[in-house]
Amino acid sequence: MKPVRVLIVGTGGMANAHAEAYAAMDGVELVGGVDRNPDNLHAFNAKHGITHAFDSVVDALEWGEFDAVSNVTPDAVHFPTTMPLLAAGKHVLCEKPLAVNHGEAVQMAEAAFHAGVVNMVNLTYRNIPAVMEAARLVGAGTIGEVRHFEASYLQSWLTQPAWGKWNEEAQWLWRLSSKHGSLGVLGDVGVHILDFATFVAGSNTERMSCRLRTFDKAPGGQIGEYTLDANDSATMQVQLHNGAVGVVHASRMASGHLNDLRLRIFGTKGGLDVRWENDQSILRACLEGDLMEATWQDMPLPAVKTNYVRFIEAIRAGEAVLPDFDRGAILQQALDAAVASDADSCRDLAI
């Protein structure tokens, strides 16, 4: 079997997860790394046994000895780095969010379609068995017509240093600065919980109302080169095309929650409770036989393949794979609507 040769673009913290996933697969070779920071690049390559190093996508394309790319750059860099890769006919797995606005995301999706390459957005919670099984159950009509949902993504790295010192380390500080390409908690984890909810519900966002909040975290809102202006908490009220309504919220200030996601979704014939808490995948259901007593049962969870595995399998099979760039563009449209809603629709109450 001819190996699939993978280039990693962007060698920050998340890039290690990509590299380790590919290294664990048979028939996949990590052949190059790209980063403008030479120290990060060479340390990353040495750690993962990668022999070729480039300071730009242009230089990597001039070399050209790769088939597929994991784009693990900051949000604002996804568009300018991915477009030349697509033009060169390279398969691309891009980190979320796909772009920083809907217009760029649509261009990326259209370019991927015309290039005829495998394209995927790394919405990592598609790797969770409870999410995939919940989506299957809703799609099979197990809970009837979806009517209501509530979803949350809660982190607390701004209130305690379990993952490191956010006020000293660049891997956290850039996520707090719009100048450094961050869309705040809305783009960082809000995109995950929007996908989490709408994917399981089987319907996309039709109407959006949102509040975004940035909290004071340092004198003058500045630490070194980082202006701390990106949103820290987001609350959304959402209506889906299928008529369901729900609330979605995300925060980096949720003390007591390191990295927890939850979705409760209710239909005319039952409800589901989907959780990723303390690195555990949990799915509970209250279905027709239990509705009168409101009894919830733990559901069996079939194993699922990771996005990385499905990306490589799609390349070998010459087939499309989900979530693709079209999905990324749909989610970006919802994120753009959230930002616009926050700017236009807030009313102060006189007390």
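**Exercise 1. Is the crossing of α1 and α2 right-handed or left-handed?** Determine also how the axes of these two helices are oriented and which residues form their contact.

*Solution.* The model under study is a predicted one.

Step 1. The crossing of α1 and α2 is right-handed.

Step 2. The axes of the two helices come within 11 Å and cross at roughly 25°. Angles under 35 degrees count as roughly parallel; α1 and α2 are therefore roughly parallel to each other.

Step 3. On the side of α1, the contact involves A15, N16, A19 and E20, which meet F44, K47 and H48 of α2.

Step 4. A general property of helices helps in reading such lists: an α-helix has 3.6 residues a turn, so residues three or four places apart point the same way.

**Exercise 2. Trace the chain from β1 to β3 and describe the strand pairing and the crossovers.**

*Solution.*

Step 1. Strand β1 (residues 4–9) runs parallel to β2, and six bridges join them. Within this pair, R5 stands opposite E29 of β2.

Step 2. Between β1 and β2 the chain passes through helix α1 (residues 13–23), and this β-α-β crossover is right-handed.

Step 3. The pairing of β2 with strand β3 (residues 52–54) is parallel as well, over three bridges. Here V34 has F54 of β3 opposite to it.

Step 4. From β2 the chain goes through helix α2 (residues 38–48) to β3, again in a right-handed β-α-β crossover.

Step 5. In strand β2 (residues 28–34), six of the seven residues are buried, so this strand is largely enclosed by the rest of the structure.

**Exercise 3. Which order do the strands of the six-stranded sheet have, and which strands stand at its edges?** Place helix α2 relative to this sheet.

*Solution.*

Step 1. The sheet is open, its strand order is β3-β2-β1-β4-β5-β6, and the pairing is parallel.

Step 2. The edges are formed by β3 and β6 (119–122); each has a single partner strand, so one side of each is left without a neighbour in the sheet.

Step 3. On average, and with direction ignored, neighbouring strands of this sheet are turned by 25° against each other.

Step 4. One of the parallel pairs consists of strand β4 (residues 68–71) and strand β5 (residues 91–95), joined by four bridges. S70 has L93 in β5 as its bridge partner.

Step 5. Helix α2 packs on the sheet and touches β1, β2 and β3; the direction of α2 makes about 160° with that of β3.

**Exercise 4. Describe the surroundings of helix α9 and the geometry of its packing with α1.**

*Solution.*

Step 1. In helix α9 (residues 307–317), the buried residues are N307, Y308, R310, F311, I312, A314 and I315. They pack against β1, α1, β2, β4, β5 and β6.

Step 2. The axes of α1 and α9 come within 9 Å and cross at roughly 55°; these helices are therefore oblique to each other. Their crossing is right-handed.

Step 3. From α1, the residues M14, A17, H18, A21 and Y22 make the contact, together with Y308, F311 and I312 from α9.

Step 4. G318 follows α9 and has a positive phi, near 65°.

**Exercise 5. Analyse the eight-stranded sheet, with attention to β7 and its partners.**

*Solution.*

Step 1. This open sheet has the order β8-β11-β12-β7-β13-β14-β15-β16 and mixed pairing. Its edge strands, β8 (205–213) and β16 (297–298), each pair on one side only.

Step 2. Strand β7 (residues 146–155) is mostly covered, with seven of its ten residues buried.

Step 3. With strand β13 (residues 259–267), β7 runs antiparallel, and nine bridges join the two. S152 finds its bridge partner in R262 of β13.

Step 4. With strand β12 (residues 245–251), β7 pairs in the parallel sense over seven bridges. The bridge partner of Y153 in β12 is A250.

Step 5. Six bridges connect β13 to strand β14 (residues 271–277), and this pair runs antiparallel. L263 stands opposite V274 of β14.

Step 6. Helix α10 (residues 325–344) lies across β8 and β11 (233–240) and runs at about 55° to β8.

How values were computed: Residues numbered from 1 in each chain as written. Predicted model: local features only at pLDDT ≥ 70, side-chain atom pairs only at ≥ 80, totals over all residues. Heavy atoms only, no water. Buried < 20%, exposed > 50% of the residue type's maximum accessible area, 1.4 Å probe, protein only. Pairing = 2+ DSSP bridges. Right-handed = clockwise from strand over helix to strand, strands pointing away. Axes fitted to C-alpha atoms, helices over the stretch in contact; angles between N-to-C directions. Parallel < 35°, antiparallel > 145°, perpendicular 65-115°, else oblique. Left-handed = near helix turned anticlockwise from the far one by under 90°. Contact = heavy atoms within 4.5 Å.
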